[in-house]
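Trainee: Could you take me through one helix packing site in close detail, and then show me how the rest of the structure hangs around it? I'd like one connected answer, please.

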Amino acid sequence: MSSLVDAAHVAVHPELDTSMDYNSLIKRDRVHASLYTNPHVFEDEMQKIFYQGWVFVGHESEIPNAGDYICRMIGSEPIIMLRTKAGDIRVYSNRCTHRGNLIFNQEKGNAKVLTCNYHGWAFSLEGALIGMPYPKGFTKDRADFGLRSPANIDSYGGFVFVNFNPQGKLLKEHLGPAMNLIDRVNGLSPTGKINLNGGWVKQQFASNWKMLPENDTDGYHANFVHSSFLKAFRSQYDALKQSEEDRKSRVIDFGNGHIAIEPSFIYTQPFEWLGVEEERVSDYVALMNHAYGQEETRRRVIEGPPHAYIFPNLFLGEMNIAIFMPIAPGNSVQWHTPLLLEGAPASFNTRVIRQSEGAMGPSAFLLADDAVIAERTHIAAGGLSGWLELARGLDRESPYGTGLISHISDETSNRGFWQHYRAVMTGEN
Amino acid sequence: MQKNMIPEAIAPADTAQDIGLVTEQERSEIVQFLYLEARLADESRYEEWETLLTDDMVYWIPLGNGDYDPQHRVSITYDNRRRLKNRIKQLMTGERYAQVPVSPMRRLLSNIEIYPNSDETRQVYCNFVLHEYRLQSTNELCTWAGQMQYKLQRVEGKLKISYKKVTLINSTGPVPSLAFIL
């Protein structure tokens, strides 16, 4: 996937408040909760994280055909991701270069030409301004009015990322060990490809967006927040009932802000992560054996998918892919879609869909409760605010590749997020 | 694998003149039943609400209008009877924090259309507006609106729900925690 360096578009806010002292708010073992509520911090995050670093946009499978497009947000910037006639993927700001209207206000569709509904300016799929009504009245050079693109677009394993910063690092540098996590996701498909066309469910949280990665890679809360789930459902999470010494799951800080819960240490049988016996999905296993051989297939179907967060907005949530959308300091939305596997039997993907509904989304058996917890933290983070304690595991975490690993209940993962966040927000990174 | 349990929908554009009406008495009975179901759901009386369901009931909250096969696309909720039973069990633990305390709620039902199906069951469409006071976290008054579609049948003479599809008008957009029974 080539980078696009033309029409570099870096958002610069002239009146930015640069007085935030992140080093005083983010310590190794605690962070200040005002980072969730302060509107200056929110705007600063848009600039430094969403407009100057790599951010996930969408997946190649969402725009298979020429003219297919999807509309998303990168921070507060509305964007379009589309497939050109030549088969390339482009990303544009969803903003007409005439008077700034939204070009598309539908989430997805197909178009041969991008036409603005305000004055009828028309753009090609390649982003060029190709037409307008009453053209004699416009005397500037049309070549200067093509749709704006981020400085960099790149993809890994079908996951498309953009970076508005022309001087940023390469995507592979940003991802680092997270590339293995994407490989693991793709490796569950007999063809090595996933399909994210199963529909997007959107759950609104009256909380800051940073609560979403905090919650999704926190292993300590599950016994409490999800106690009702453990009582009503039989699942792979039954391991939560074990004593602290017996728990085998781990949390991992991969570095670069990428963090994970690793549940696979507890799995000894295939498909524990899907809650099904191997005999019931033998057709899927046969396809996987044909693609990868029996031994490798067995390894993969025991290990299962990752439960990992890729900084800043992508969550590989077991059999789901989720995107975190920041809306305002106290408002965020988690999108999720089931991890459908290309080449897998339809009945297998149906199981994935059912599990997706159970785990994530507004009525999920898990996430509905996480949202309310996040909302309560947000209320408590207001007023005089306070410190969030993140010391668990400092004395027992150990090296893991270029990162750290610790007991499932430790805050190694949370610290990994905050240290990378601090480095980005102070400009060290 | 569960089979697709969506009953044939009667297009609402088909008028009563083509299909026929139920008797006034039956209409009155069904409307009363819908109000009872609404009241039990509003008051979070889950176990009593569950007694109004058939053994094979399907409860569906789709994305959008739900004009797709839920075996192939995700929904907000798609519970067969067994999963719905576990959902209620989870609520009954008293530890489902998304509904601790339960949200005070009242829903209004309107535009109630009742059609007889060829198999003696009844197809019901109605609009609803539900006001929910989110006491668990935000303490805000939240509005839910949309359409309910029911299939009703008689079990030993008593009305039961074998299918309930709830299409929220905003289901394709961000929806907050929805741990109660719509």
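Mentor: Start with the place where α3(A) meets α13(A): from α3(A) come A:Val41, A:Asp44, A:Glu45, A:Lys48 and A:Ile49, and across from them in α13(A) sit A:Tyr421, A:Val424 and A:Met425. Keep in mind that this is a predicted model. Sort those contact residues by class and you get 5 nonpolar, no polar and 3 charged. As for geometry, α3 of chain A covers residues 39-50 and α13 of chain A covers residues 412-426, and their axes come within 9 Å, crossing at roughly 85°. That crossing angle is why α3(A) counts as roughly perpendicular to α13(A).

Now look at two of the charged residues in α3(A). A:Asp44 and A:Lys48 pair up through their side chains in a salt bridge, with 3.0 Å from N to O. They are 4 residues apart in helix α3 of chain A, so about one helical turn separates them. Both of them are also among the residues that meet α13(A). Over all chains, the count comes to 35 salt bridges.

Some of those bridges link the two chains: between chain B and chain A there are 3 salt bridges. One you can inspect is A:Glu357 with B:Arg83, where the closest N and O atoms are 2.8 Å apart. On the side of chain B that touches chain A, the elements giving two or more residues are β2 (77-79) and α4 (81-92) of chain B. Of these, α4(B) gives the most, with 5 residues. By class, that side of chain B has 14 nonpolar, 14 polar and 7 charged residues.

How many residues does each chain bring to this contact? Chain B supplies 35 residues and chain A supplies 43 residues. Interface size is often quoted as the accessible area lost when the parts come together. Here chain B and chain A bury about 3300 Å² between them, with 54% of it on carbon and sulfur atoms. Polar contacts add to the picture: 28 residue pairs between chain B and chain A qualify, both partners being at pLDDT 80 or more.

Finally, a few backbone spots to check if you're setting this up for a calculation. In chain A, the peptide bond joining A:Phe311 and A:Pro312 is cis, with omega about 0°. You'll find A:Pro312 in the loop between β16 (307-310) and β17 (314-317) of chain A. Chain B has a cis peptide bond as well, from B:Val100 to B:Pro101, with omega near -5°. B:Pro101 belongs to the loop between α4 and β3 (105-116) of chain B. Then there's B:Ser44, which isn't a glycine and still has a positive phi of about 55°. Look for B:Ser44 in the loop between α2 (24-42) and α3 (46-50) of chain B.

Technical notes: Residues numbered from 1 in each chain as written. Chains lettered and ligands numbered in written order. Predicted model: local features only at pLDDT ≥ 70, side-chain atom pairs only at ≥ 80, totals over all residues. Heavy atoms only, no water. Contact = heavy atoms within 4.5 Å. Buried area = accessible area lost by both parts, 1.4 Å probe. Salt bridge = Lys/Arg side-chain N within 4 Å of Asp/Glu carboxyl O. Polar contact = N/O pair within 3.5 Å; in protein donor to acceptor, adjacent residues only side chain to side chain. Nonpolar A, V, L, I, M, F, W, Y, C, P; charged D, E, K, R; others polar. Axes fitted to C-alpha atoms, helices over the stretch in contact; angles between N-to-C directions. Parallel < 35°, antiparallel > 145°, perpendicular 65-115°, else oblique.
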